[in-house]
Amino acid sequence: MKNKFREIPKIDKIAQDPIFEGLNQKLILKIAKEKIEALREALRSGTIEKIDQSELLEAVKKSYHDLFSPSLKQLINATGVILHTNMGRSLISETLIERAKPILCNYSNLEYDLEHGCRGERYEHVSRHMINLLGVEDVLVVNNNASAVFLILNTFAKGKEVIVSRGELVEIGGSFRIPEVMSQSGAILREVGATNKTKLSDYDKALSDNSVMIMKVHKSNFSIEGFSEETPYEEIQNLAQTHHLLDYYDLGSGYIPTLPYHLGQKEHSLPQILKSKPSLISFSGDKLFGSVQAGIIAGKKELISELKKNQLLRMLRVDKITLALLEETIKSYLKEEFEDIPTLDMLFTEVQTLKERALKVQEDIGITRCDVIDSTTVMGGGTLPNREFPTVALHIKGKAEVLEKEFRNHHIIGRIENDKFLLDFRSILPRIDAILTQKIKAILTIK
Ligand SMILES: *Cc1c(COP(=O)(O)O)cnc(C)c1O
């Protein structure tokens, strides 16, 4: 019985094995110690009879390399969904990264007042440009739009009533539930209307001495069709003003340029919404706005300065990486260089251009293996619910489920439509086309 324990190799000796040459000794020792401990336990309990030394060495080496394999991996998004929540939502262009780089890799005046040589304000950099872009009194940027909602409610509505339409008490992907966020923030939710209909008179009847705010929430990826009615934001605003209450619109996804394919038909753009000068609005930085993860709050100056006084802001504050990239995005907006904002660039790409790119890839792969088809896609990211728009895809011939898995193993995520495996060009970056072609050839073993 005791003999088998004698076979356990000495840790120091293992670590010196030539197969670990060039690897960090400290880490090898640590891993070897853990593995041997596990083997000792297995011997004791009788799950194994003896130790295989070369197996042990290989196992240590594998664990070592596993430690360094990146967890975040680059993917080719061929689903056609531009704002894919599971694949990083909006992308930042290499141009913007280059422009922001000096700020990210050097010291900066992030919180330093160059003029007076004293402490400055981190939020001023971005808000100056954003005020310009949106034409609002003031702007504040926080970690994401969920934080924006929380900060606004906590600052103005703690212990007070906020009136919201029942039809807008939505859950947004990733279990962000408006009613729960409201209660966590300390605000008291006063639901009005029915799920499919909320009229101005419903809001009016709900007013009480404890009301402070009327809030409107974009329904995100949920839409009510048919017999339904929503009160226009301007009417809510008028009602709020008449009663000296705040009006707040959680837009979810704010966008600036007029959207193609009539996608903006049931949605209002930021310029349209801001025309009536709402007290406060908030939206995500990485939905249709096409920048980094951030929550952008815009509105009346005195309200924004109240938000800045809330201690919570310290917890929700954004890093210089966010601020630098957001600033560069805004500059591209101001110069109308939309090609530097990938989300917009992909959305605005003409069907004809997508078709030409797909045909080029098809030509390289061969018509016996694939064909080019017209299809439709959606924007994703909880924006533009149920709104489809045209796209072009490469149909890879063969068993869809098998192909889907095979391509996924090669980090190409496509989609299956009518039992066909498709690579949708709407969400494939043009600079990826050549790499994609090579990868498809390798997967289909085309010489
Ligand atoms: C997406 C969304 C949020 C959450 O925004 P994040 O930036 O993901 O935190 C909040 N409200 C609405 C209406 C949304 O669509």
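Visitor: How many residues of domain 2 and domain 3 are in contact in this model?

Guide: The model is a predicted one. In it, 20 residues of domain 2 touch 23 residues of domain 3, where contact means heavy atoms within 4.5 Å.

Visitor: Where do these domains run along the chain?

Guide: The domain assignment places domain 2 at 76-83 + 345-443 and domain 3 at 94-340, while domain 1 covers 2-67. The C-alpha centres of domain 2 and domain 3 are 33 Å apart.

Visitor: How is the size of an interface given?

Guide: Often the accessible area lost when the parts come together is quoted as the size of an interface. Here, about 1600 Å² is buried between domain 2 and domain 3. Carbon and sulfur atoms give 65% of that area.

Visitor: Which residues form the salt bridge between the two domains?

Guide: A salt bridge pairs a side-chain nitrogen of Lys or Arg with a carboxyl oxygen of Asp or Glu within 4 Å. The count between domain 2 and domain 3 is one. E94 and R431 form a salt bridge, with their closest N and O atoms 3.8 Å apart. There are also four residue pairs in polar contact between domain 2 and domain 3.

Visitor: Which element supplies the largest share of the domain 2 side?

Guide: α15 (342-348) and β14 (383-396) each provide at least two residues of the side that touches domain 3. The largest share, eight residues, is from β14. Sorted by class, this side of domain 2 has nine nonpolar, five polar and six charged residues.

Visitor: Turning to the ligand, which residues come nearest?

Guide: There are 13 residues around the ligand, and R89, A146, D250, S284 and K287 come nearest. In the side chain of D250, an N or O atom is 2.7 Å from a nitrogen atom of the ligand.

Visitor: How far are S284 and K287 from oxygen atoms of the ligand?

Guide: For S284, a polar side-chain atom lies 2.6 Å from a ligand oxygen atom. For K287, an N or O atom of the side chain is 2.8 Å from an oxygen atom of the ligand.

Terms used:
Residues are numbered from 1 along each chain as its sequence is written. This is a predicted model: local features need pLDDT of at least 70, side-chain atom pairs count only at pLDDT 80 or more; totals for chains, interfaces and linings use all residues. Side-chain values use heavy atoms; hydrogens and water are left out. Domain bounds come from an automatic or database domain assignment. Buried area is the accessible area (1.4 Å probe) that two parts lose on being put together, summed over both. A polar contact is a pair of N or O atoms within 3.5 Å; within protein, one must be able to donate a hydrogen and the other to accept it, and residues adjacent in sequence count only if both atoms are side-chain atoms. Helices (H or I, at least four residues) and strands (E, at least two) are DSSP runs, numbered from the N terminus. Ala, Val, Leu, Ile, Met, Phe, Trp, Tyr, Cys and Pro count as nonpolar, Asp, Glu, Lys and Arg as charged, and the others, Gly among them, as polar. A residue is near a molecule or strand if one of its heavy atoms lies within 4 Å of it.
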